[in-house]
Amino acid sequence: MQLKNNNLLQQQAFINGEFVDAKNGNTFNITNPSTGGFLTRVADCGAEETEAAVLFASVAFQEWKELTGIERGRILRRWYELMMDNIDDLATILTLEQGKPWSEAKGEIKYGASFVEWFAEEAKRVYGDTIPGHQRDKRIIVLKQPIGVVAAITPWNFPNAMITRKVAPALAAGCTCVIKPAEATPLSALAIAQLAREAGFPPGVLNIIPTNKAAEVGKVLSTHPIVKKLSFTGSTPVGKLLMKQCADTVKKVSLELGGNAPFIVFADADLDAAVDGAIASKYRNAGQTCVCANRLFVQEDVYDLFLQKYKAKVAYLKVGDGMEEDVVIGPLINEKAVKKVEHLLEDAVSKGAKKLLGGGRHELGGTFYEPTILADVAVTMDIHQTEIFGPISPVYSFSDADDVINMANDTPFGLAAYFYGKNIDLIFKVAEALEYGMVGINTGMISTTVAPFGGIKESGFGREGSKYGMEEYLVKKYLCLQVETN
Ligand code: ADP
């Protein structure tokens, strides 16, 4: 691995400010999904190391929470600056372990760092309230205090940003953190741990537990009485399991789970803009984001024209190793992901969908998959109810707004939705009727630090980023003071 700063390649757990091996010395392999080649070995921690990290985080919390928001913000700001100074190396590590194109990885590092910058500033603004008393001799004050030790369990599709989006607000609020990164992508997490050390976070404030034993480590994080909050991004079944495990100690929980995003194109839309928006939303990260367009609904009057324009552009998306220039679609994360995509495609085609483009493994082999467009998709197909997590665009036609709203909402998920159209009355009708936490209107790109990211229904709850993001890590305490009046 060619890095300018070799300190960023860390293979051990980060516990109490030190990089340490697993107690039993076990390690597991990290591979490059583009080549299938071996990258390095990383400490394989278990329950024991996780419990130790929780205890260190608990000790560190006592002092960290006493700093002013300004003091915590300064350290976060330094962390942000170090991330930006090392952006090329962080992007290289990310591309090598995750597969996304290097320029896209750089985009993720910027996006991830933007949460650290944002919450470095928000750290100063944890305002409480004063409430006019309910009796003449009562004074009421509301304090916001950090909830305590926070556990974060994060996925492989955004190995950097899904961590910063959780830990930046937690640390700004005065909490301390124990993070379990995804088994496929611990290197990005450990690289920012190294930068956290350089930024001056006291030992124990931020801990990272790499592991190939997700269930064992997850059990400790979701049941340990010292952990007061669990924030999870990942699949819906694992989110539901963790929520159940958190019940016994009544932890505060945030869940950012699967999506099944509709992308609707009305007949009066700017079709070229809709094509670009759909490509940006669908094919980013090879279709492996929870806000990726999962079902494209196009109004019948413009259905053929949209497909023609869409196919013309999608056909030119270059697939390959993310470290190669001009590549815009990398590999899928592993063989299981390819098998899932293959099943969805076969099921759809067997029920009448037409392959307009692609439709199989890419000639590069490995876990590369062709950018694919399926036309004439119907609600009876498995793909209608499943988060694809791959580069397939299933396209449906629809007749009117009520028809498409019903189809779009016909899913237990409610994360992101998109639509393109010009009629202002229709814009409000559709925006209000879509049962989703986030709606992109005439845009396919909605993720930003300044807005609240999160879902409804089985896509979870809790919001990340924005002025709302820190609330997830704070508890309110109200003081009721009786005073003498005369
Ligand atoms: P994906 O299918 O995208 O890999 P997962 O929900 O399996 O989604 O993974 C998201 C995160 O959840 C990863 O860090 C993974 O290691 C973790 N995870 C998976 N299973 C469990 C579990 N039983 N307990 C705790 N964490 C888990």
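**Exercise 1. Work out how many salt bridges run between domain 1 and domain 2, and describe the interface around that count.**

Step 1. Start with the charges: the tally of salt bridges between domain 1 and domain 2 is zero, where a salt bridge means a side-chain nitrogen of Lys or Arg within 4 Å of a carboxyl oxygen of Asp or Glu.

Step 2. Check which elements supply the domain 1 side. Two or more residues each come from α3 (87-98) and α4 (102-122), and α3 gives the largest share, five residues. Helices here are DSSP runs (H or I, at least four residues) and strands likewise (E, at least two), numbered from the N terminus.

Step 3. Sort that side by class: nine nonpolar, nine polar and five charged residues. Ala, Val, Leu, Ile, Met, Phe, Trp, Tyr, Cys and Pro count as nonpolar, Asp, Glu, Lys and Arg as charged, and the others, Gly among them, as polar.

A quick note on the input: this is a predicted model, with local features needing pLDDT of at least 70 and side-chain atom pairs pLDDT 80 or more, while totals for chains, interfaces and linings use all residues. Numbering runs from 1 along each chain as its sequence is written, and side-chain values use heavy atoms, leaving out hydrogens and water.

**Exercise 2. Say where the two domains lie in the chain and how far apart their centres are.**

Step 1. Domain 1 takes 6-257 + 459-477, and domain 2 takes 261-448; the bounds come from an automatic or database domain assignment.

Step 2. Over C-alpha atoms, the two centres are 31 Å apart.

**Exercise 3. Find the polar atoms that the ligand's oxygen atoms approach.**

Step 1. List the surroundings: 17 residues surround the ligand (a heavy atom within 4 Å of it), and the closest are Thr154, Trp156, Lys180, Glu183 and Ser235.

Step 2. Take the side chains. Glu183 puts a polar side-chain atom 2.4 Å from a ligand oxygen, and for an N or O atom in the Ser235 side chain the distance is 2.6 Å.

Step 3. Add the backbone: a polar backbone atom of Thr154 sits 2.6 Å from an oxygen of the ligand.

**Exercise 4. Locate the salt bridge of Lys4.**

Step 1. The structure holds 27 salt bridges; in one of them, Lys4 pairs with Asp88 at 3.0 Å, N to O.

Step 2. Lys4 belongs to the segment before β1 (13-15) and Asp88 to helix α3, 84 residues apart.

Definitions and conventions. A polar contact is a pair of N or O atoms within 3.5 Å; within protein, one must be able to donate a hydrogen and the other to accept it, and residues adjacent in sequence count only if both atoms are side-chain atoms.
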